[in-house]
Amino acid sequence: SAFVKSEDEEMNEPARSCDPQSPLQPDPDPEEEVSDSSDTEISEDDYHETRVAQSDVKIDEGDANVRRCGSNEKPISCSESGETFKKKWYLKIHMKTHTGEKQHMQVHSVERLFGCSFYNKRFKRQDYLKSHMVVHKREKPFRCDVCGKRFKLKGILKKHMKVHTEEKPFSCDVCGKRFKLKAMLKPHMAVHTDKRPFSCDVCGKRFKLKETLNKHMKFHTEEKPFGCDICGKSFKLKGKLKTHMVVHTEEKPFSCDVCGKRFKLKAALNRHMKFHTEEKPFSCDVCGKRFKLKAMLKPHMAVHTEVKPFSCDVCGKSFKQKGVLKTHMAVHTEERPFGCDVCGKKFKLKNEVKRHMKIHTEV
């Protein structure tokens, strides 16, 4: 294929005819087909593609011949070398000889000369900064044809498309677990170490991943930006909202292999499974009592204090634990939701049913 000629080749080659009938006329004006790069996003991949495209461009007459042709059009000159060109597109190709190497060498530098005006993030190259700046815009011009999700950058859409395939080309060398994206493998590797380099400035808790720390920090704020469209309950994390949404359905897809009880959430099933074991890993530092779940230890600790923060709105009685208050509220209603399977007698509290069942088992 024909390539753009070097400056030495152009100087040594005799000028060609500019006769309109000449078979070596340039192609139709490329400016009509090639958009201005200033109107498009520039990424590192785009840059390399441009470099490859430049080497494959076929200019039939060469820049030198275009410059020598007589024309009423005003020539365009290069600000670096002073060379003139008839076509703006030819000048743009030529400018790569001045900027290409310079831009590439910047990736080997530790200096980050180009800073974001919104917050303190810096980049080695101006085109990297330009690509970054789109995150501060609301436009998301790139849309996934499968799920409709929109993205600010074409490169992010390209990565996203992998979630719609079954391919998992990136595998963990330690446990063999596979991932669709390399970016997912990297944080996974932290689970195989005991290092927790990221610490919370408020409570001192340490984390293996920065992403986990960022989520944790939201618990130190009162903001709850994620709201349920059905009941209006708000959450600090999007994941918590997603989990909450199952309470508005009757589906219970997770079942216990031991007793058959079904659950809406996998996490609830995991907690339940501990009741089928004799392990009680959580112990009280005061009395030594042990519990199967951490969630059971926390309310137990209240028995070692005189504080009773939970009070009944009807009679004013106070309780140490929220669960005890909830149980107490049943005495203010006539409802008896718990029934005996043997004789049908109804009770207000589940514990009353358990005590009642003894009369059916006594010999």
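This is a short talk on a predicted model of a protein of 363 residues.

Hi everyone, thanks for coming. Before we look at any detail, please keep in mind that what you see is a predicted model. So how confident is the predictor, taking the mean pLDDT of the protein? That mean is 75, and 75% of the residues reach 70 or more. One stretch deserves caution: over residues 1-71 the pLDDT is below 50. Those residues still make 94 contacts in the model beyond their near neighbours in sequence.

Now the overall picture. The protein has 13 helices and 20 strands. Buried residues account for 21% of the 363. If you take contacts between residues at least 6 apart in sequence, 18% of them join residues at least 24 apart. The accessible surface comes to about 27100 Å², and carbon and sulfur atoms contribute 53% of that.

Let's go inside. Which residues form the largest nonpolar core? There are six: Cys78, Phe85, Trp89, Tyr90, Leu91 and Ile93. Helix 4, which covers residues 88-105, is the biggest contributor, with four residues. As background, nonpolar side chains in soluble globular proteins tend to be buried together.

Nonpolar residues turn up on the outside here as well. Phe118, Tyr119 and Val135 make a nonpolar surface patch of about 310 Å². You can find Tyr119 in the loop that runs between strand 3 (114-115) and strand 4 (122-123). Is Tyr119 buried or partly exposed? With a relative accessible area of 43%, Tyr119 falls between the 20% and 50% cut-offs, so it counts as partly exposed.

Staying in this part of the chain, take a look at Lys124, in the loop between strand 4 and helix 5 (126-133). Its relative accessibility is 22%, so Lys124 is also classed as partly exposed. What I'd like you to notice is its partner in space: the C-alpha atoms of Lys124 and Arg112 are separated by 4.2 Å, although the two residues are twelve apart along the chain.

My last stop is helix 13, residues 350-356, where we find His356. This histidine has a relative accessible area of 10%, under the 20% cut-off, and therefore His356 is buried. What does His356 touch, once we leave aside neighbours within four places in sequence? The contacts are Cys340, Cys343, Lys345 and Phe347.

To wrap up, the places to revisit on screen are the six-residue core, the patch around Tyr119 and buried His356. Thanks for listening!

How values were computed
Residues are numbered from 1 along each chain as its sequence is written. This is a predicted model: local features need pLDDT of at least 70, side-chain atom pairs count only at pLDDT 80 or more; totals for chains, interfaces and linings use all residues. Side-chain values use heavy atoms; hydrogens and water are left out. Helices (H or I, at least four residues) and strands (E, at least two) are DSSP runs, numbered from the N terminus. Buried means under 20% relative accessible area, exposed over 50%, partly exposed in between (1.4 Å probe, protein chains only). Contact means heavy atoms within 4.5 Å. Accessible areas come from the Shrake-Rupley method with a 1.4 Å probe; for residues, only the protein chains shown count as cover. Patches are made of residues with over 30% relative accessible area and no salt bridge: like charges are joined within 9 Å, nonpolar side chains (Val, Leu, Ile, Met, Phe, Trp, Tyr) within 5 Å. A salt bridge is a side-chain nitrogen of Lys or Arg within 4 Å of a carboxyl oxygen of Asp or Glu. pLDDT is the predictor's confidence in each residue, from 0 to 100. A nonpolar core is a set of buried Ala, Val, Leu, Ile, Met, Phe, Trp, Tyr and Cys residues joined through side-chain atoms within 4.5 Å.
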